[in-house]
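Hi everyone, thanks for making time. I'd like to walk you through a structure that will be new to most of you, so have a look at it first.

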Amino acid sequence: MLERTITLPIEAGAALRETLGILEDHQEAEDPYRSASLNQKILEAWEEQEWASMKADDRPIEFDIEDAALVLHGLAFTETMSAELPWFDMVQWTVDFIVGELRPQWTEDEWDQLAKKQRPYGSNPFRTGY
C-alpha cells in the first residue's frame with residue numbers, strides 16, 4: 001500500500017476533510033469508500049472538543065499513496081471549480097502548498113506504479129502535477 005505517516009496540524013486536517021467533502025458533494029470521488037475512510041481517519045485523529053476549538057497538537061496520520069492520489073484529485077477538482085471566485089489566488093496557493101508537501105512523500109517510481117495500476121493503458125496523471 002506504500003503507507004507514509006504524515007504529521008498534520010488540525011487546520012490541515014480540516015482542509016483535507018473539506019476537500020474530501022467537496023468530492024463527495026459533487027460525486028467526484030473515484031472511490032467513495034476510500035474517501036469516507038480517509039475522512040474518518042482524519043476525524044478520529046483529534047477529539048471532538050479539539051475540532052470545535054480548532055486548537056490541538058499536530059497528529060500523525062497514516063496515508064497510503066491511494067489516499068494521497070485521492071487528495072490530489074480533490075485539490076485539482078477544487079481548484080478547477082474555484083476558477084471564477086475572487087479568492088482563487090488563495091485557492092491556488094493552498095493547492096500548491098499541499099501538493100508540495102504531500103506529493104514528495106512518494107517517489108516518481110511509486111507514482112508511476114500507481115498510475116499503471118489505475119490506468120494500465122493510459123498515461124500517468126500524477127507525473128506532471130496533481
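Before we start, one term: when I say buried, I mean a residue with under 20% relative accessible area, while exposed means over 50%, and partly exposed is in between. Also keep in mind that this is a predicted model.

Okay, let's begin with helix H5. Which residues of H5 are buried? They are Phe-88, Val-91, Val-95, Ile-98, Val-99 and Leu-102. Looking down the axis of H5, you'd find those buried residues within an arc of 100°, so they line one face of the helix. And what sits on the face turned away from that buried side? There you find Asp-89, Met-90 and Trp-93, which are exposed. Covering the buried residues of H5 are elements that include E1, H1 and H4.

As for its dimensions, H5 is built from 15 residues. From first C-alpha to last it reaches 21 Å, close to the 21 Å expected at 1.5 Å a residue.

One residue of H5 to pick out is Thr-94. Thr-94 is partly exposed, because its relative accessible area is 28%, and that falls between the 20% and 50% cut-offs. Its C-alpha is 16 Å from that of Pro-104, which is 10 residues away along the chain.

Thr-94 also brings us to the pocket. The largest pocket has a volume of about 490 Å³. There are 22 residues lining this pocket, and those closest to its centre are Ala-12, Ala-15, Leu-16, Thr-94 and Ile-98. So Ile-98 comes up twice: it is among the buried residues of H5, and it is also one of the residues closest to the pocket centre.

Where does the lining come from? Strand E1, residues 3–8, helix H1, residues 10–25, helix H4, residues 65–81, and helix H5, residues 88–102, each supply at least two residues. What is the lining like by class? It has 14 nonpolar residues, five polar ones and three charged ones.

Now over to helix H2, which runs through residues 32–44. Its 13 residues should span 18 Å at 1.5 Å a residue, and the end C-alpha atoms are indeed 18 Å apart, so the two agree. The buried residues in H2 are Arg-34, Ser-35, Leu-38 and Ile-42. They cover an arc of only 100° around the axis, which puts them on the same side of H2. On the other side, Pro-32, Tyr-33 and Glu-44 are exposed. What covers the buried residues of H2 includes H1, H3, E2 and H4.

Let's zoom in on Ser-35. Why does Ser-35 count as buried? Its relative accessible area is 4%, and the cut-off for buried is under 20%. Setting aside neighbours within four places in sequence, Ser-35 makes contact with Leu-20, Ala-29 and Leu-70.

Next up are two residues in strand E2, which covers residues 59–64. Ile-61 lies in that strand, and so does Pro-60. Is each of them buried or exposed? Ile-61 is buried, with a relative accessible area of 3%, whereas Pro-60 counts as exposed, at 54% relative accessibility.

For contacts, again not counting residues up to four places away in sequence, Ile-61 touches Arg-4, Thr-5, Ile-6, Leu-8, Lys-41, Ile-42, Ala-45 and Trp-46. Ile-42, you may remember, is one of the buried residues of H2. On the same basis, Pro-60 touches Thr-5, Ile-6 and Thr-7. Between Pro-60 and Thr-7 there are 4.0 Å, C-alpha to C-alpha, with the two being 53 residues apart in sequence. For Ile-61 and Thr-7, the separation is 6.0 Å in space and 54 residues in sequence.

Last stop: the loops. In the loop between H1 and H2 we have Gln-27. Gln-27 isn't a glycine, yet has a positive phi of about 50°. Gln-27 is exposed, with a relative accessible area of 73%. Then there's Met-54, in the loop between helix H3, residues 48–53, and E2. Met-54 has a positive phi too, near 55°, again in a residue other than glycine. With a relative accessible area of 30%, Met-54 is partly exposed.

That's my tour, so over to you for questions.

Methods. Residues numbered from 1 in each chain as written. Predicted model: local features only at pLDDT ≥ 70, side-chain atom pairs only at ≥ 80, totals over all residues. Heavy atoms only, no water. Helix = DSSP H or I, 4+ residues; strand = E, 2+ residues; numbered from the N terminus. Buried < 20%, exposed > 50% of the residue type's maximum accessible area, 1.4 Å probe, protein only. Contact = heavy atoms within 4.5 Å. 1 Å grid on protein atoms, 1.4 Å probe; cavity = no way out; pocket = protein on both sides within 12 Å on 5 of 7 lines; lining within 4 Å. Points joined across faces, edges and corners; volume = space filled by probe spheres on them. Nonpolar A, V, L, I, M, F, W, Y, C, P; charged D, E, K, R; others polar. Expected span 1.5 Å × (residues − 1). Arc of directions from axis to C-beta.
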